[in-house]
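Open the model in your viewer and keep the selection panel handy. We will go from stop to stop, with a selection to make at each one.

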Amino acid sequence: MKPVLICLLILSSGICAKTQTPADSVKAAVNDLFTAMRNSDGGFLKSCFADSAVLQSIAKDKEGNLLVRNESVADFAGSISKAAKGALDERITFDMVKVDGPLASVWTPYSFYYNGNFSHCGVNSFQLVRTKNGWKIQHLIDTRRKTGCL
């Protein structure tokens, strides 16, 4: 057989590895964050974020006023590191992934479990940038509630 024909047969047989799309690589970067959380690995968690990353949560105070709370990556990683391995389990679904060159936007509804017990739910909104070291989370903002969960 000629080499060209052999190559075509191999390609059409599905033996070749599936090429990862930009959206797949963005999802992998987001999933790394939750792997780090489940493993209580603060160092790995820090590596998921860009150097100038912003972390925020939207919540209500006791009077029902809307608050946007900021947290540093270092503080977040520190709190994750203190948890027992496997205690933190955030289960997400990818509702939307958009990629334009070095920018990605991801929307992930989630349910959060602590030590196997449901704690709260909400939505994460990620903005990622593609750096020389891969996709990094530049901005993460989330909502949190205990009712109205899917």
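How many salt bridges does the count come to? The count is two, and both are good places to begin in this predicted model.

**Stop 1: the salt bridges**

Select Asp-89 and Arg-91 and show their side chains: they meet in a salt bridge, with 2.8 Å from N to O. Add a surface and look at each partner in turn. Asp-89 is buried, at 18% relative accessibility, a value that falls under the 20% cut-off. Arg-91 is partly exposed, with 43%.

Now move to Asp-142 and Arg-144, whose side chains form a salt bridge at 3.0 Å, N to O. Here Asp-142 is buried, with a relative accessible area of 8%, while Arg-144 is partly exposed at 45%.

**Stop 2: a hairpin**

Next, select residues 96–100, strand S4, together with residues 103–114, strand S5; the two run antiparallel and are joined by five bridges. To find one of the pairings, click on Lys-98 in the hairpin and look across to Ser-105, its bridge partner in S5. Then go to the turn: two residues lie between the strands, and Gly-101 takes a positive phi near 60°.

**Stop 3: helix H4**

Select residues 73–82, which make up helix H4, and highlight Val-73, Phe-76, Ala-77 and Ile-80, which are buried. Turn the view to look down the axis of H4: these buried residues fall within an arc of 95°, so they line one face of the helix. A general point helps here: an α-helix has 3.6 residues a turn, so residues three or four places apart point the same way. On the other side of H4, pick out Asp-75 and Lys-82, both exposed.

What do the buried residues of H4 pack against? Bring up helix H2 (22–38) and helix H3 (42–47), then strands S1 (49–60), S2 (66–71) and S3 (88–92): the buried residues of H4 pack against these elements.

**Stop 4: the disulfide**

For the last stop, select Cys-121 and Cys-149, which form a disulfide with their sulfur atoms 1.9 Å apart. Cys-121 sits in strand S6 (residues 117–131) and Cys-149 in the segment after strand S7 (134–143), so the pair ties together parts that are 28 residues apart in sequence. The torsion about the S-S bond is about -80°, so this disulfide is left-handed. Cys-121 is buried at 2% relative accessibility, whereas Cys-149 is partly exposed at 27%. A search of the whole structure finds one disulfide. Before you close the viewer, select Cys-48 as well: this residue is buried, at 6%.

Notes:
Residues numbered from 1 in each chain as written. Predicted model: local features only at pLDDT ≥ 70, side-chain atom pairs only at ≥ 80, totals over all residues. Heavy atoms only, no water. Salt bridge = Lys/Arg side-chain N within 4 Å of Asp/Glu carboxyl O. Buried < 20%, exposed > 50% of the residue type's maximum accessible area, 1.4 Å probe, protein only. Pairing = 2+ DSSP bridges. Helix = DSSP H or I, 4+ residues; strand = E, 2+ residues; numbered from the N terminus. Arc of directions from axis to C-beta. Contact = heavy atoms within 4.5 Å. Disulfide = S-S within 2.5 Å.
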